[in-house]
Amino acid sequence: MAQTLTQRSPIDGELVDAENRNRVPALERDYAALGEKLAGVGIDIEAVKREAAGFTVAVPSWGIGTGGTRFARFPGPGEPRNIHDKLADCAVIRQLVRCTSGVSLHFPWDWVDDFAALRDEAEQLGLVFDAVNSNTFSDRPGASLSYKFGSLTHTDPAVRAAAVEHNLACIAAGRVLGSTALTVWVGDGSSFPGQQHFRRSFDRYLESTRAIYAGLPADWRMYLEHKLFEPAFYATVIADWGSSLLAAQALGPQALCLVDLGHHAPTVNIEMIVARLIGCGKLGGFHFNDSKYGDDDLDSGAIQPYRLFLVFNELVDAARDAVPGFAPAYMLDQSHNVTDPIESLMVSAATVQRTYAQALLVDRAALDTYQRDNDALMASQTLKAAFETDVTPIVQRIRLEAGGAIDPLAVYRASDYRRRVAASRPKSTSLGGGIV
Ligand code: LRH
Ligand code: MN
């Protein structure tokens, strides 16, 4: 999105230019060398750059402040106090990385009285609103009904109705914001065998989501997010892609499955799940993050970069095959417990764009041949060749040409943004556990 004079750039443009100027000679050298290397295997670096430049990933509002675990949260300096501070921080990420103009809100955490004003505020910052997220996994202070034993699948119809009502309110708010999607993740499930009826709870989920689906504007999508466990520790109603797919198919064409990379058992082959959902036209989008054990919500690509690459390999393959209706939404969903959230989100967005660029390098004709001829090793090597290509000059060039920073982290640290906002934002005192 071109920079209009009215949009505030939180980081001084002079500083961005100065930092870039120092790095342009090396970038040009590296870009030319990579261009030669790729030309040697019949790839036009400019074409890859153009395609990768079109990649965007939305930032989660709930990832802008320091995150925590059930044990504790250690807020840092300049914690955002509200959605306005969060948007200001999102503007920093957008200005320097240039592929994160979308922000995904979570209600009621980001609820305001005037959504039209919030939309204007975001527009001033060059931001737009991606999918909105409902929350029926925690109670509102003073609420008469509780989600302790579930929400959309609760045995009490009054609790289910309240949960449906909340989702419809999220849609109404999202419409004013210009969003066109609702993400529904429910933690509903059980922590003891026998506590919940598996078939009836799923039927209640369908009954409730049908009521939400009926409230969807014609141009909206509804993303169903599955998760293996937590907060339920024996069974979760929408625990896996199978349950999510059954529900999405039962609901209708606007219901799609959202894949949060951290919501699977450590050994699960996520890229194959992605291929399955693409194959049946039900892949709605992603919550990118990384994990080693559970839903760790770590920075994307920080633990298993090859797994992230294999997911993007399926996405590029589907795009190449022009799979009908293939238009997944890309969002980050991370919890930053020990890093500056702005730094982690910048690095993660850049990492996801970079991984997409690597997947664009896969020699798909050769791969098809090796697969046909059952040449397993060469098929594997074909993917590895793309993964092992350092595409840094391409994503740096994309940022530079889009008015961003060749090295966002260096510019952010040189800008002293965190110390500056800490001076204007009172020190956060909420040390309690929890992700936000
Ligand atoms: C659940 C989840 C979901 C969000 C929440 C903040 O673990 O991934 O996407 O609602 O995190
Ligand atoms: Mn998620």
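A residue is called partly exposed when its relative accessible area lies between the limit for buried residues, under 20%, and the limit for exposed ones, over 50%. In the predicted model described here, alanine 410 has a relative accessible area of 21% and is therefore partly exposed. Alanine 410 belongs to helix 14, which is formed by residues 408-415. When neighbours within four places in sequence are left aside, the residues in contact with alanine 410 are Glu19 and Arg23. Arginine 200, by contrast, is separated from alanine 410 by 210 residues in sequence and by 54 Å in space, taken from C-alpha to C-alpha.

The end of helix 14 leads to another residue of interest, aspartate 416, which is placed in the loop between helix 14 and helix 15 (417-424). The phi angle of aspartate 416 is near 60°, a positive value in a residue other than glycine. With a relative accessible area of 30%, aspartate 416 is partly exposed, because this value falls between the limits of 20% and 50%. A positive phi is also found at asparagine 374, where the angle is near 55° and the residue is again other than glycine. Asparagine 374 sits in the loop that runs between helix 11 (364-372) and helix 12 (376-387), and its relative accessible area of 67% makes it exposed, since the limit is over 50%. As a general background to these angles, most residues other than glycine have a negative phi, and most peptide bonds are trans.

Two cis peptide bonds can be described alongside these loops. One joins phenylalanine 107 and proline 108, with omega about 10°, and proline 108 is located in the loop between strand 2 (102-104) and helix 4 (115-124). Another leads from glutamate 230 to proline 231, with omega near 10°, and proline 231 is located in the loop between strand 7 and strand 8 (235-236).

Strand 7 also contributes to the metal site. The manganese ion (ligand 2) has as its protein donors Glu225 (OE), Asp260 (OD), His287 (ND1) and Asp333 (OD), which lie 2.1 to 2.2 Å from the ion. In sequence, these donor residues of the manganese ion (ligand 2) follow the spacing E-x34-D-x26-H-x45-D. Distant parts of the chain are linked by the pair of glutamate 225, in strand 7 (residues 221-225), and aspartate 260, in strand 9 (residues 255-260), which are 35 residues apart. Both glutamate 225 and aspartate 260 are buried. Around the manganese ion (ligand 2), the six donor atoms subtend angles of 72 to 171°, and the arrangement is therefore octahedral.

Strand 7 and strand 9 appear again in the surroundings of helix 7, since what covers the buried residues of this helix includes both strands together with helix 6 (198-213) and helix 8 (270-279). The buried residues of helix 7, which spans residues 241-251, are Ser243, Ser244, Leu245, Ala247, Ala248 and Leu251. An α-helix has 3.6 residues a turn, so residues three or four places apart point the same way. Helix 7 is followed by glycine 252, which has a positive phi, near 140°.

Histidine 154 offers a further case of a buried residue, its relative accessible area of 11% being under the limit of 20%. Histidine 154 is placed in the loop between strand 4 (132-133) and helix 5 (157-177). Not counting residues up to four places away in sequence, histidine 154 touches Ser146, Phe149, Val159, Arg160, Asp188 and Arg204.

The packing of helix 9 was examined against two other helices. Helix 9 (residues 305-320) packs against helix 10 (residues 341-359) at an angle of about 55°, and their axes are 8 Å apart. At this angle, helix 9 and helix 10 are therefore oblique to each other, and helix 9 passes helix 10 in a right-handed crossing. On the side of helix 9, Leu308, Phe309, Phe312, Asn313 and Val316 take part in the meeting, and in helix 10 their partners are Thr351, Val352, Thr355, Tyr356, Gln358 and Ala359. The axes of helix 9 and helix 12 come within 11 Å and cross at roughly 110°, and these two helices are therefore roughly perpendicular to each other. This contact is made by Pro305, Tyr306, Phe309, Leu310 and Asn313 of helix 9 and by Ser380, Leu383, Lys384, Ala386 and Phe387 of helix 12.

Technical notes. Residues are numbered from 1 along each chain as its sequence is written. Chains are lettered from A and ligands numbered from 1 in the order in which they are written. This is a predicted model: local features need pLDDT of at least 70, side-chain atom pairs count only at pLDDT 80 or more; totals for chains, interfaces and linings use all residues. Side-chain values use heavy atoms; hydrogens and water are left out. Helices (H or I, at least four residues) and strands (E, at least two) are DSSP runs, numbered from the N terminus. Buried means under 20% relative accessible area, exposed over 50%, partly exposed in between (1.4 Å probe, protein chains only). Contact means heavy atoms within 4.5 Å. Donors are N, O and S atoms within 2.8 Å of the metal (3.2 Å for Na, K and Ca); water is not among the atoms, so sites may look incomplete. Four donors count as tetrahedral if all angles lie between 85 and 135 degrees; four count as square planar and six as octahedral if opposite donors are over 155 degrees apart and all others between 65 and 115; anything else is irregular. Axes are lines fitted to C-alpha atoms, for helices over the stretch in contact, and angles run from 0 to 180 degrees between N-to-C directions. Angles under 35 degrees count as roughly parallel, over 145 as roughly antiparallel, 65 to 115 as roughly perpendicular and the rest as oblique. A crossing is left-handed if the near helix is turned anticlockwise from the far one by less than a right angle, and right-handed if clockwise.
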